[in-house]
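Have the sequence and the model side by side. We will walk from one helix to the next and see what surrounds each.

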Amino acid sequence: MINYQGKNIIIIGLGVTGLSCVNYFLSKNVIPKVIDTRHKPSGIEQLDPRVMYHTGGLNLDWILDADLIVVSPGIALATPELVKAKSRGIQIIGDIELFCLEVNQQPHKKVAAITGSNGKTTVTSLVGEIVAASGCRVGVGGNIGQPALSLLDEECDIYVLELSSFQLETTYSLKATAATILNISEDHMDRYPESILQYTAAKQRIYQNAENCIINYDDKLTYPHTDAKKGQWIEFGLQDGKYHLDLHNQHMIVNDQLVLNTSQLSLFGVHNYLNILAALAITDALGIERSVSLLAIKHFKGLSHRFELVYEHHGVRWINDSKATNVGSTEAALKSVVCNGTLYLLLGGDGKSADFSPLIPYLLKQPALHIYCFGRDKVELAKLRPDVTKVVDTMKDALVDIAHQTQSGDVVLLSPACASLDQFKNYAERGQVFAMLAKELG
């Protein structure tokens with residue numbers, strides 16, 4: 001039993017995750033203090049009246065007087081107040097570390113840990129559905145759905161966690177039965193200004209103490225930097241690895257045996273086939289019966305806003321890939337899209353200081369292409385292929401213009417390569433607006 005009695009514990013960042021941390025400590029009969037930089041943070045009205053809080057900025061006196069700081073993933077460890085606390089030897093962790101410390105005391109529990117620049121929500125959700133179909137009690141959360149600490153209130157045999165690089169930065173005790181980095185591409189470069197290697201190092205923390213490392217054969221940045229023996233590496237890939245696609249991408253192969261035809265799937269797109277292979281590798285490592293996994297995979301319809309066909313009319317397909325909030329996601333969409341006519345591509349939003357140039361080869365490969373750039377970084381995005389680009393203010397402006405031009409065989413693809421917060425509440429709202437306008441204008 002971990003003893004927090006008598007410790008001065010500071011939780012930085014409220015919201016759903018911060019509240020789960022507060023409730024966790026209250027269940028241990030420890031009353032923490034809460035700091036939030038916002039003046040009116042969400043969840044403050046739900047705080048136990050015994051919990052003291054400070055809002056509108058970071059309270060340095062509280063921070064430097066702490067025995068333990070539990071920090072929200074949204075607060076960078078490079079924040080000067082946290083740097084000062086660390087220099088004084090104050091322990092700084094996140095909610096995932098608290099979760100791991102609890103679960104490690106129950107060795108019969110299994111944990112699947114999933115990260116990557118793209119696809120991690122799809123893979124996490126699919127693994128959760130497979131585990132549930134097997135009859136095991138499963139808890140799915142972390143960076144999606146429920147906060148990890150809330151899962152401790154449920155009776156679970158297997159925990160399936162989506163983990164962001166921000167969460168992994170403050171996690172030290174993860175011991176996953178199966179851990180994967182699905183892929184690495186530039187993302188959050190505003191948080192990792194040194195290079196993509198700084199971002200990769202945060203992701204790599206998922207492999208520490210993992211029993212099985214599920215790696216992407218085609219992406220060397222996903223190969224473990226830890227001392228994990230190569231025998232613990234399980235590879236998935238496009239044409240190579242224990243789990244792979246055949247040359248024509250029509251079959252899924254495991255150990256040179258055909259296990260599934262892609263025509264049997266509800267999902268489409270090569271990037272989704274790779275997500276499925278990763279999920280199958282994870283559930284195999286968890287000990288789930290293969291036949292159960294394959295049946296669940298066939299019935300999995302995917303998630304909203306992830307390369308989702310939201311409307312088709314007169315041979316024109318409208319695809320909502322609003323979750324593509326970084327360059328790697330849009331690369332994956334461009335690799336997967338099949339278009340017999342003109343591809344109308346919508347790019348735009350907040351690029352988070354990313355380098356957009358890796359998109360150029362994929363844009364050059366498209367035989368008939370029109371690009372519409374909108375939002376905060378529209379001018380920068382327009383430099384990718386100015387010869388086929390129109391700059392507009394909003395996504396709606398783009399769709400109104402596109403709707404007058406489309407013909408049978410065309411594809412309208414929202415895959416923005418940017419975050420949405422410059423013009424929308426989140427990527428989901430952006431995707432919902434796209435779907436609504438597609439049906440209205442198409």
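Start with helix α11, where V327, G328, S329, T330, E331, A332, A333, L334 and S336 are buried. Note that this is a predicted model. The helix spans residues 327-336, and nine of its ten residues are buried, so α11 is largely enclosed by the rest of the structure. What does the covering of its buried residues include? Among the covering elements are two helices, α9 (270-285) and α12 (360-365). Strands β17 (343-348) and β20 (411-414) also take part.

Now place this in the annotation. An unreviewed UniProt entry lists residues 305-418 as "domain: Mur ligase C-terminal". Over residues 305-418, the chain is 26% helix and 26% strand. The C-alpha atoms at the two ends of this stretch are 14 Å apart.

Next, turn to helices α14 and α15. Helix α14 covers residues 395-403, and helix α15 covers residues 427-441. Their axes lie 10 Å apart, and the packing angle is about 25 degrees. Angles under 35 degrees count as roughly parallel, and α14 and α15 are therefore roughly parallel to each other. The crossing of α14 past α15 is right-handed. Which residues meet here? From α14 come M395, K396, L399, V400 and A403. From α15 come R430, V433, F434, L437 and L441. By class, this contact has eight nonpolar and two charged residues, with no polar ones.

A second helix pair offers another geometry to follow. Helix α5 (residues 120-133) packs with helix α10 (residues 290-299). The angle is about 125 degrees, and the axes are 9 Å apart. The two helices are therefore oblique to each other. Helix α5 passes α10 in a right-handed crossing. On the α5 side, the contact is made by L126, I130 and A133. On the α10 side, V292, S293, A296 and I297 make the contact. Six of the residues in the contact of α5 with α10 are nonpolar, one is polar and none is charged.

Stay with α5 and look at its annotated residues. The unreviewed UniProt entry places the feature "binding site" at G116, S117, N118, G119, K120, T121 and T122. T121 lies in α5, and T122 is found in α5 too. Are these two threonines buried or exposed? T121 has a relative accessible area of 8% and is buried. T122 is buried as well, at 7%.

What do they touch, leaving out residues up to four places away in sequence? For T121, the partners are I144, E162, L303, R306 and K323. For T122, they are N272, N275, F300, L303 and R306. L303 and R306 thus appear in both lists.

One more residue of α5 deserves a look. E129 is found in this helix. Its relative accessibility is 43%, so E129 counts as partly exposed. Partly exposed covers the range between under 20%, which is buried, and over 50%, which is exposed. From E129, trace the chain to D190, 61 residues apart from it in sequence. The C-alpha atoms of E129 and D190 are separated by 34 Å.

How values were computed. Residues numbered from 1 in each chain as written. Predicted model: local features only at pLDDT ≥ 70, side-chain atom pairs only at ≥ 80, totals over all residues. Heavy atoms only, no water. UniProt positions renumbered as here; feature names shortened; annotations may be inferred. Helix = DSSP H or I, 4+ residues; strand = E, 2+ residues; numbered from the N terminus. Axes fitted to C-alpha atoms, helices over the stretch in contact; angles between N-to-C directions. Parallel < 35°, antiparallel > 145°, perpendicular 65-115°, else oblique. Left-handed = near helix turned anticlockwise from the far one by under 90°. Contact = heavy atoms within 4.5 Å. Nonpolar A, V, L, I, M, F, W, Y, C, P; charged D, E, K, R; others polar. Buried < 20%, exposed > 50% of the residue type's maximum accessible area, 1.4 Å probe, protein only.
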